Amino acid sequence: MFETLFAPGLDASSEAPLNEQLQAMLRHAILNGSLPAGHRLPASRALADRLAISRNTVLAAYEHLVAEGYLETRQGAGTYVSADLPDTSLTMTAVPDGTRTSHNVREKKAARPLSGMPALDQFPTDIWARIAGSVWRHADAVELLYNDPAGYLPLRRTISAYLEAARGVTANPDQIVITSGLQQGVKLVMESVVDRDRAIVLEDPGYPGMTTAAKTLSNPIVYTRVDKDGAVPPKMAGVPAGLMVTSPSRQYPLGQTMPLKRRLEILEWAQRENCFILEDDYDSEFRYAGRPINSLQGIDGGERVIYGGSFSKSLFLALRLGYLVLPLGLVDRVLKHRAAVDSFPSISNQLMLTRFIEEGHFARHIRRLRGVHKTRLGLFMDAAREWLSPYFTFEQSDTGLHVVATSKLNHLSDVKLSLIAGRAGIGASPLSETYRACPPQHGLLFGFANLQEREINNRLKELATLLSQQTGF
């Protein structure tokens, strides 16, 4: 049966990792009925032998499909097709074949390993599910019709209390605006706060999404270099600055934490330029040694600094919730613009997140993730030294969700290296793609936090094997 299902087989030359190809084949077989509910799958070792792949590849595919709800494990009895399939199975069979093929292509692209994700296996899905059920059982008409452009007020209150305690942010709930992720929030600020003749200043290297957002406007864009202390206050040549976007907690992508002296220099520069700063508090929750430095916004007192954050890295990417903490003088301007051009984030996720924070689950989850991430970072660095030293130089890090590695392979682009890492099941973004005006470095941003402890060494060993095949050493 399985020989027929997997004909013509897995493609080792494909950019898609083998475990993702196997996931797609099993998922398709389940949805079209070839693998019916309750059907027992072969043991991982037996299927690996049949397909001539590693057992770890099969285990990774099985575990992913268990997490999605397509498979279930029974203690001591093996792995079975779930009797209670995900909701997508209700509509997949009604989609014409041509459309289904297109959907599978998009699904495969979306499933590629991502760099910089948290330990998603640690997310308390049972608690989130319980809260979701409770929220909808008790939702009233006021909540169902909620349409405040600033976002759900109880959520803004919980975020205000959390930021004040954890990050030293000066904010009351009226200054907070809930967004569909930080990038959307940044675009709202750019559109509503910055005059068209003033420049948007971005770090170089920096997060590509900020450049994407800035390029949708007619404002000039100025890139400022990054040194060992983070973003350097730029010298504006003939164009006034309107907004500078910076990530002082952990500069993306290079990972520096901006010291107090540089933070004060940035604030003095903004005062001279009469402009605003948007503080992207990237990865601030994940510091594995020492105490985090207070936010730039807290030092400023919330006069010139707009503080932005997201729950994508602390909870999960698909939540699509972030927030802005605005100076009081900007709140009305931003909300008026938002009401005119933007739809508001889903109230359901805001209701659930509020309860998740209020009941203490968010704080416990962050504490647990810090311990898990610290362990995985240590294992990753040990394995990297053992297997990848001929190919990369790794930067030491005690913060964040990715490790910076500069490439020693001058004949291979880091875009190509990223694809090779993906085939080994490792999320790794090209370092060169974060540069705009400055001469680019070449290397990878290796995600480590979403790799389970038992698979880290094998994944890096597999990457070393693939690189050896490419390089001959």
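Let me start with Ser-312, which, once we set aside residues up to four places away in sequence, touches Pro-118, Leu-317, Arg-320 and Leu-321. Please keep in mind, as we go through this, that what you see above is a predicted model. Ser-312 is found in the loop between strands S9 and S10, and you might ask whether Ser-312 counts as buried or exposed. The answer is buried, because its relative accessibility is 7% and the cut-off for buried is under 20%.

From that loop we can step to the strands on either side of it. S9 covers residues 305-310 and pairs with S10 in the antiparallel sense, over 4 bridges, and within this pairing Ser-310 stands opposite Gly-322 in S10. S10 itself, residues 322-325, also pairs in the antiparallel sense with strand S3, residues 176-179, again over 4 bridges, and here Ile-176 is the residue that stands opposite Val-325. If you look at the two faces of S10, you will find both covered, with Gly-322 and Leu-324 buried on one side and Tyr-323 and Val-325 buried on the other.

Now let us place these strands in their wider setting. They belong to an open sheet of 8 strands with mixed pairing, and the order across the sheet is S3-S10-S9-S8-S7-S4-S5-S6. Which strands stand at the edges? They are S3 and S6, the latter being residues 230-231, and each has a single partner strand, so one side of each is left without a neighbour in the sheet.

Further along the same order we come to S4, residues 199-204, where 6 of the 6 residues are buried. On one side of S4 the covered residues are Ala-199, Val-201 and Glu-203, and on the other they are Ile-200, Leu-202 and Asp-204. S4 runs parallel to S7, residues 241-246, and is joined to S7 by 4 bridges, with Val-245 as the bridge partner of Leu-202. S4 also runs parallel to S5, residues 221-227, this time joined by 5 bridges, and Ile-200 stands opposite Ile-221 in that pairing.

Let me turn next to the nonpolar cores. The largest has 64 residues, and those that touch the most other members are Phe-311, Phe-380, Leu-388, Phe-392, Phe-394 and Phe-446. Helix H16, residues 361-387, provides the largest share of this core, namely 9 residues. There is also a second, separate core of 25 residues, and among them are Val-193, Ala-213, Leu-243 and Ile-306.

It is worth pausing on Phe-392, one of the residues just named for the largest core. Leaving aside neighbours within four places in sequence, Phe-392 is in contact with Ala-405, Thr-406, Ser-407, Lys-408, Leu-417, Leu-444, Phe-446 and Leu-467.

Finally, we should look at the outside. Which residues form a nonpolar patch on the surface? They are Trp-136, Leu-144 and Leu-145, which together have about 360 Å² of accessible area, and of these Leu-144 lies in helix H8, residues 141-144.

Conventions:
Residues numbered from 1 in each chain as written. Predicted model: local features only at pLDDT ≥ 70, side-chain atom pairs only at ≥ 80, totals over all residues. Heavy atoms only, no water. Buried < 20%, exposed > 50% of the residue type's maximum accessible area, 1.4 Å probe, protein only. Pairing = 2+ DSSP bridges. Patch = residues over 30% accessible without salt bridge, like charges linked within 9 Å, V, L, I, M, F, W, Y side chains within 5 Å. Areas by Shrake-Rupley, 256 points an atom, 1.4 Å probe, with all protein chains shown as cover. Salt bridge = Lys/Arg side-chain N within 4 Å of Asp/Glu carboxyl O. Core = buried A, V, L, I, M, F, W, Y, C linked by side-chain atoms within 4.5 Å. Contact = heavy atoms within 4.5 Å.
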